[in-house]
Amino acid sequence: MSKSASILFDDMFNVINVDGNKFERVSRLEAKSTTHQMELTLDFNHEIYPIRVNDTLTLVLASSLEMSTDATIGATSSTGATAGGGGDDSADAGSWRPGRNKGLDADYDYVMYGKIYKIDEGKGDGNVAYISYGGLLMALAGHYRHMSNIILGENVYLLLRKR
């Protein structure tokens, strides 16, 4: 699978509002897409990843963090050897997950894993997808064409980075 094969949605968003009054470590942002005319509402941990009004974010929703379709790469045999890894873990010495090849998450600053729990089909061409990341919620609203890969009940990764 190429890098883009696991990507369900990607766009850049301009943050228009950040509300940090509800919880101690959690803020809610509202943002507008720069290219697809989408609207985003997202809960995030502002202590880990501070976001301010007028920040520009790149947001990606992906079904997997893997960048390869070769099932043998990174697969562990019954003897514990990693196939396709070459046995050289020196590049992963500082990693929190040694032996793991770099994935999509290496290019982003903030990553969450969650589930698409609701999709509202609005009037006209608009849809709203709701995703829960362990209680941190996201709503992504826009034209159904841009959200065609977002499927109810699927697990997804959210990846963010500031521009």
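A salt bridge is a side-chain nitrogen of Lys or Arg within 4 Å of a carboxyl oxygen of Asp or Glu. The structure above, a predicted model, holds 5 salt bridges. Its 8 strands close into a barrel, with antiparallel pairing in the order 1-2-3-7-6-5-8-4. From one strand to the next, the twist averages 35 degrees. Let's walk through the barrel, its core and some of its charged pairs.

**Strands and their partners**

- Strand 7 covers residues 136-143 and is mostly covered, as 6 of its 8 residues are buried.
- On one side, strand 7 pairs with strand 3 (residues 39-45) in the antiparallel sense over 4 bridges, and here Leu 40 stands opposite Leu 140.
- On the other side of the pairing order, strand 7 runs antiparallel to strand 6 (residues 126-133), joined by 8 bridges.
- Leu 140 appears here too, as the bridge partner of Ala 129.
- The hairpin of strand 6 and strand 7 has 2 residues between the strands, and Gly 134 in this hairpin takes a positive phi near 65 degrees.
- Further along the barrel, strand 5 and strand 8 form an antiparallel pair over 6 bridges, with Met 112 opposite Leu 158 of strand 8.

**The nonpolar cores**

- In soluble globular proteins, nonpolar side chains tend to be buried together.
- The largest nonpolar core here has 30 residues, and Leu 61 and Leu 158 are the ones that touch the most other members.
- At least two residues of this core come from each of strands 1, 2, 3, 4, 5, 6, 7 and 8, and strand 1 gives the most, with 4 residues.
- Leaving out residues up to four places away in sequence, Leu 61 touches a list of residues that includes Phe 9, Ile 131, Met 138, Leu 140 and Leu 158.
- A second, separate core has 7 residues, among them Ala 62, Leu 65, Leu 104 and Leu 159.

**Two buried polar residues**

- Asn 45 lies in strand 3 and counts as buried because its relative accessibility is 16%, while the cut-off for buried is under 20%.
- The Asn 45 side chain reaches the backbone nitrogen of Ile 48 at 3.1 Å.
- Beyond its neighbours within four places in sequence, Asn 45 is in contact with Arg 25, Tyr 110 and Leu 136.
- Thr 58, in strand 4, is also buried, with a relative accessible area of 12%.
- Not counting residues up to four places away in sequence, Thr 58 touches residues including Asp 11, Met 12, Tyr 108 and Leu 159.

**Charged pairs**

- Side chains of opposite charge can pair when their charged atoms come close.
- Glu 47 and Arg 25 meet in a salt bridge at 3.3 Å, N to O.
- This pair links distant parts of the chain, 22 residues apart: Glu 47 is in the loop between strand 3 and strand 4, and Arg 25 is in the loop between strand 1 and strand 2.
- Glu 47 counts as exposed at 51% relative accessibility, whereas Arg 25 counts as partly exposed at 43%.
- Arg 28 and Asp 43 form another salt bridge, with their closest N and O atoms 2.5 Å apart; Arg 28 is in strand 2 and Asp 43 in strand 3.
- Arg 28 is partly exposed at 35%, but Asp 43 is buried at 7%.
- Asp 55 and Lys 162 also form a salt bridge, their closest N and O atoms being 3.8 Å apart.
- Asp 55 lies in the loop between strand 3 and strand 4 and Lys 162 in strand 8, so this pair ties together parts 107 residues apart in sequence.

How values were computed
Residues numbered from 1 in each chain as written. Predicted model: local features only at pLDDT ≥ 70, side-chain atom pairs only at ≥ 80, totals over all residues. Heavy atoms only, no water. Buried < 20%, exposed > 50% of the residue type's maximum accessible area, 1.4 Å probe, protein only. Pairing = 2+ DSSP bridges. Core = buried A, V, L, I, M, F, W, Y, C linked by side-chain atoms within 4.5 Å. Contact = heavy atoms within 4.5 Å. Polar contact = N/O pair within 3.5 Å; in protein donor to acceptor, adjacent residues only side chain to side chain. Axes fitted to C-alpha atoms, helices over the stretch in contact; angles between N-to-C directions.
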